Amino acid sequence: MGNWVENEGLSIFVVLVWLGLNVFLFWWYYLAYDIPPKFFYTRVLLGHALALARAPAACLNFNCMLILLPVCRNLLSFLRGSSACCSTRVRRQLDRNLTFHKMVAWMIALHTAIHTIAHLFNVEWSVQARVEEKQTLAAVLSSLGDGPNESYINFYRKTIGNPVGGLYVAFTYLAGLTGVIITLALILIITSSTKTIRRSYFEVFWYTHHLFVIFFIGLVIHGAGRIVRGQTAESLAEHNPELCYKNFTDWGKKGSCPIPQFSGNPPMTWKWVVGPMFLYLCERLVRFWRSQQKVVITKVVIHPFKTIELQMMKKGFKMEVGQYIFVKCPAVSKLEWHPFTLTSAPEEDYFSIHVRIVGDWTEGLFNACGCDKQEFQEAWKLPKIAVDGPFGTASEDVFSYETVMLVGAGIGVTPFASVLKSVWYKYCHDATNLKLKKIYFYWLCRDTHAFEWFADLLQSLEAQMQERNNADFLSYNIYLTGWDESQATHFVMHHEEEKDVITGLKQKTLYGRPNWENEFKTIAGQHPGSRIGVFLCGPEGLADTLNKQSISNSEADPRGVHFIFNKENF
């Protein structure tokens, strides 16, 4: 149970608090509009749809306040690096920023749907009340404002019936027009954020996501028209609606109830979102300032399997292992920024990224760097690069454990290149202060080409550990997941050779997929009473598997073995 709390508990706690606040706000504002006499006559016109529109509006304000905070990367990096206010558990929650961002987005979509549907009924009933016969209370209320010294309660002042009246409200009133615009913007943002669009058409995702600017502008001014109106406090003092509504035909006559007076609710959304909007504006200013700093590409290395390595230098650039940066190449696109994990170590005098060519932008970068040409590319011909970052990730905490499991799938091995390089440098100089004592490294790839660019690093680290008589420090297993033993039979004759014929390493390449249950049980048996960090950069399916194994193979006893699962998110 203890490890379940450490892996999941705080996240579950955060989610429950967030859900609880949503439920509380919904119920509180529903009652605030469904019970008080201030909105008695508004409810006569609109019924329960009034409260069903206002309650999700409050939840929208709350969630729109939260939605920008998880994408303030510099703020999160500052908090993550501040040991005074950020414990290890809190840092692990900050690493889940994008997960929380998506959850809040779906909550916004849910409340938008409820708010919109409720207002569709409100508009229909408001329009209908203006054109129905005058003998009803709703018709009398709707006619208020037509005479002198009267304030209106029904925001719709025309006498055109539905459906034309409803369309008139939607496209001529500020609340209707902004509602249509921000709803369309939200639909485009959410539909273009699916995994398929992000991976196959990243540019579509990138550009439509910036409709959030229109969304927030529309959101702030949406309530400026004050179409939701209630009875004023002064009017309530002399006109009790629960008593006077029965004699509505005598309002204003001598000895009867005076005509009620109404006013619109002032806009409140800006009070919720002005703080996060200011923080996000500062975030974008910091990003812009960083993007203007000069970055020099010192070397471009072409690796097999459509992968290139960019080695760069930037004044004042400092990094930690496993961090990532955002890169923009104006020669390819003046607006697009793409995240890449740093593959260099903090001890090196440059920083580097590995880029796999999988889309239009990466193809453009490949060509801009002259990698499509046979001749040597002059340094002055290399494209200008803008860099924002570095930003922290879960991999920064690798050196906080004595024992770690590093799992990379395909190009997802890049964060661990930085980790292993840093370990190599530390052993070359002085490893006596290194808390990390054992690394279990797993790399899963579909075919042999993907191994080639990374094998040199593993060979160097393998040789370094043997020279230091510490060959057991690193245990690594490389899996060809696209093959199985039957497909690899022609390599069996080389199995007795000292080095693997595919990677050139002493450890032989394995075929198929790891049996994770066996791996976890074996490691748990070798390190009783330890806290073992499990770090993954790979697909969601593998993340679910490793998280479940981390929980099931941890002991309930606090003194027993505990696997702490961490996943890269950017």
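**Entry 1: strand 11 and its neighbours**

I looked up the pairing of strand 11 with strand 12 (residues 510-511) and found the parallel sense, over two bridges. I note that the model is predicted. For a contact between these two strands I took Leu 480, which stands opposite Tyr 511 in strand 12.

I then turned to strand 10 (residues 438-445). Its pairing with strand 11 is also parallel and runs over seven bridges. Following Tyr 442 across, I found Asn 477 as its bridge partner in strand 11.

Next I checked how far strand 11 (residues 474-480) is covered. I recorded six of its seven residues as buried, so the strand is mostly covered, with burial taken as under 20% relative accessible area.

**Entry 2: salt bridges around Asp 146**

I counted the salt bridges in the model and obtained seven. I examined Asp 146 in some detail.

With Arg 130, Asp 146 forms a side-chain salt bridge at 3.2 Å, N to O. I located Arg 130 in helix 6 (residues 97-131) and Asp 146 in the loop between helix 7 (137-143) and helix 8 (164-172); the pair therefore ties together parts 16 residues apart in sequence. I read a relative accessibility of 6% for Arg 130, so I entered this residue as buried.

Asp 146 also forms a salt bridge with Arg 157, and I noted 2.8 Å between the closest N and O atoms. I placed both Arg 157 and Asp 146 in the loop between helix 7 and helix 8, 11 residues apart. Arg 157 has a relative accessible area of 25%, and I entered it as partly exposed because this value falls between the 20% and 50% cut-offs.

**Entry 3: a pair within helix 15**

I asked which residue forms a salt bridge with Arg 287. The partner is Glu 283, and the closest N and O atoms are 2.9 Å apart. I found both residues in helix 15 (residues 269-291), where they are four residues apart, about one turn of the helix.

I then asked whether each partner is buried or exposed. Arg 287, at 11% relative accessibility, counts as buried. Glu 283 is at 3% and likewise counts as buried.

I also recorded a network: Arg 73, Arg 290 and Asp 388 are joined into one by salt bridges that share partners.

Terms used
Residues numbered from 1 in each chain as written. Predicted model: local features only at pLDDT ≥ 70, side-chain atom pairs only at ≥ 80, totals over all residues. Heavy atoms only, no water. Salt bridge = Lys/Arg side-chain N within 4 Å of Asp/Glu carboxyl O. Buried < 20%, exposed > 50% of the residue type's maximum accessible area, 1.4 Å probe, protein only. Pairing = 2+ DSSP bridges.
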